Each structure stands twice: as C-alpha cells, then as structure tokens.
Amino acid sequence: MPVPDHDADERIVWQGDYITAKTRGRWEYVGRPRNIRAAVILAVDDDDHVLLVEQYRVPLGQYCLELPAGLIGDEDGRGDEDPLVAAGRELEEETGYRAAVLEDLGCFWSSPGMVSESFTLVRARDLAKVGAGGGVGEENITVHRVPLADIRSFIDAKRADGCGIDVRMLLLLGQNILGGE
C-alpha cells in the first residue's frame, strides 16, 4: 500500500537553535536539530510520592504541570550524551533529588502527527534529596512531591487553577482512566 508523501523531499522552512520547521509533501511539522532529543523522568520515592514540576511554558501562555524532563545533546560536547546521564542531571537540576538507579523504559514519540521529537522515558528509583531544585538560569521550576494515591485530585486541582497538564500525566492516571484504583 503506498504511503502518501513518504518519498517527497523534506524541506527546512526555518531553523532556530532548538526547533526546525519542515515540510515533506503536504505535511508540515517540527523537530529538533543536531540530534537533540529529550529525557522524561518518572521519579517515585520509597513512600509512593511522585516528583512533578510546574513551570511557565511560553507556547501555552500558562504554567504547566509535568514530569521532570530535559534535553539530551543540546549543549556543545554533549551530542552523543547517554539518555540516563542526561536524565540524572535533569532530575537533580529540576527537583533537587538524585537517583541511585535510573532505568531506560524506551523511546517514545511526543506527538507524531506534528512533531518528529522523541524522548526516552526513564524511571528513577532510590531517591535522595540533595538540593533545592528549581532548575537552572531562569527556569523558575516549582517542585511538587505528590502521593500517588492523591494524584488525580492534585491534577484536577491544578487544572481548576488554570495550570496546563502535560499529556505524560496520563502515565500516573492510567489506572483511574481504565477503571482501576
């Protein structure tokens, strides 16, 4: 079965430091230049609390509740950075926690109809508080340590307060959505 636009030439319409806008046939999409990708961290401590971050996201025009995450290979000399190394660094920068164990749960695609970006999902275990977190520079990240048992009500309250909710929160809501507790 033929795939429309599969063999069409890819054309870069615009490229910045972190985003590239492209066309291929009738498709318009964005991606990351220079093999930049992302690491998303699912960090649950021994007391069954999950670490979440909240930060202002310019494309949304509002704060957004997310799993800790960061770019891999975005700085000079880090083009071939290991996803687990990046995940450990980002977890500590954003949340102030360090993980003794980082597990690669695989590569996933953010929004495949519009974005060619992939991310590695990483599970962080054996967490120790080593700093304040909050990110680097002007990230101004707020860290939340939320009991998994209360995650639905926490997310609902954040949404009611006008906070955007990242799609990856579905990882934490999965059982509730499917009817389990």
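Is glutamate 90 buried or exposed? Glutamate 90 is buried, with a relative accessible area of 8%; buried means under 20%, exposed over 50% and partly exposed in between, for a 1.4 Å probe and protein chains only. The model is predicted, so local features need pLDDT of at least 70 and side-chain atom pairs count only at pLDDT 80 or more, while totals for chains, interfaces and linings use all residues. Residues are numbered from 1 along each chain as its sequence is written, and side-chain values use heavy atoms, with hydrogens and water left out.

**Salt bridges**

The whole structure holds 16 salt bridges, a salt bridge being a side-chain nitrogen of Lys or Arg within 4 Å of a carboxyl oxygen of Asp or Glu. Three of the pairs are listed here.

| Pair | N to O distance |
|---|---|
| aspartate 5 and arginine 26 | 2.8 Å |
| arginine 32 and glutamate 117 | 2.9 Å |
| arginine 89 and glutamate 90 | 3.5 Å |

Aspartate 5 lies in the segment before β1 (10-15) and arginine 26 in the loop between β2 (20-24) and β3, so this salt bridge ties together parts that are 21 residues apart in sequence. Strands (E, at least two residues) and helices (H or I, at least four) are DSSP runs, numbered from the N terminus. Arginine 26 is exposed, at 64% relative accessibility.

The salt bridge of arginine 32 and glutamate 117 links distant parts of the chain, 85 residues apart. Arginine 32 is in the loop between β3 and β4, and glutamate 117 in the loop between β8 (97-109) and β9 (118-129). Arginine 32 is partly exposed, with a relative accessible area of 24%, whereas glutamate 117 counts as buried at 13%.

Arginine 89, the partner of glutamate 90, is buried at 18% relative accessibility. Both residues belong to a network of salt bridges that links Glu81, Arg89, Glu90 and Glu93.

**The largest pocket**

The largest pocket has a volume of about 1,300 Å³. Of the 38 residues that line the largest pocket, Arg32, Arg57, Glu66, Glu117 and Asp166 are the closest to its centre. A pocket is an open set of points on a 1 Å grid over the protein atoms alone, where a 1.4 Å probe fits, with protein on both sides within 12 Å along at least five of seven lines; lining residues have an atom within 4 Å of a point. The volume is the space filled by probe spheres set on the points, which are joined across faces, edges and corners.

The lining has 18 nonpolar, five polar and 15 charged residues. Here Asp, Glu, Lys and Arg count as charged, Ala, Val, Leu, Ile, Met, Phe, Trp, Tyr, Cys and Pro as nonpolar, and the others, Gly among them, as polar. Elements that each supply at least two lining residues include β3 (27-31), β4 (37-43), β5 (49-57) and β6 (62-66). The largest share, four residues, comes from α1, which spans 83-95. Domain 1 (1-32) and domain 2 (33-177) both contribute to the lining, so the largest pocket lies between them; the domain bounds come from an automatic or database domain assignment.

**Sheet and N-terminal segment**

An open sheet of four strands runs β10-β5-β6-β11, with mixed pairing; two strands pair if DSSP finds at least two bridges between them. Its edge strands, β10 (142-147) and β11 (164-165), each pair on one side only. β5 and β10 are antiparallel over six bridges, and glutamate 54 has threonine 142 in β10 as its bridge partner.

Valine 3 lies in the segment before β1 and is exposed, with a relative accessible area of 57%. Its C-alpha atom is separated by 36 Å from that of cysteine 64, 61 residues apart along the chain.
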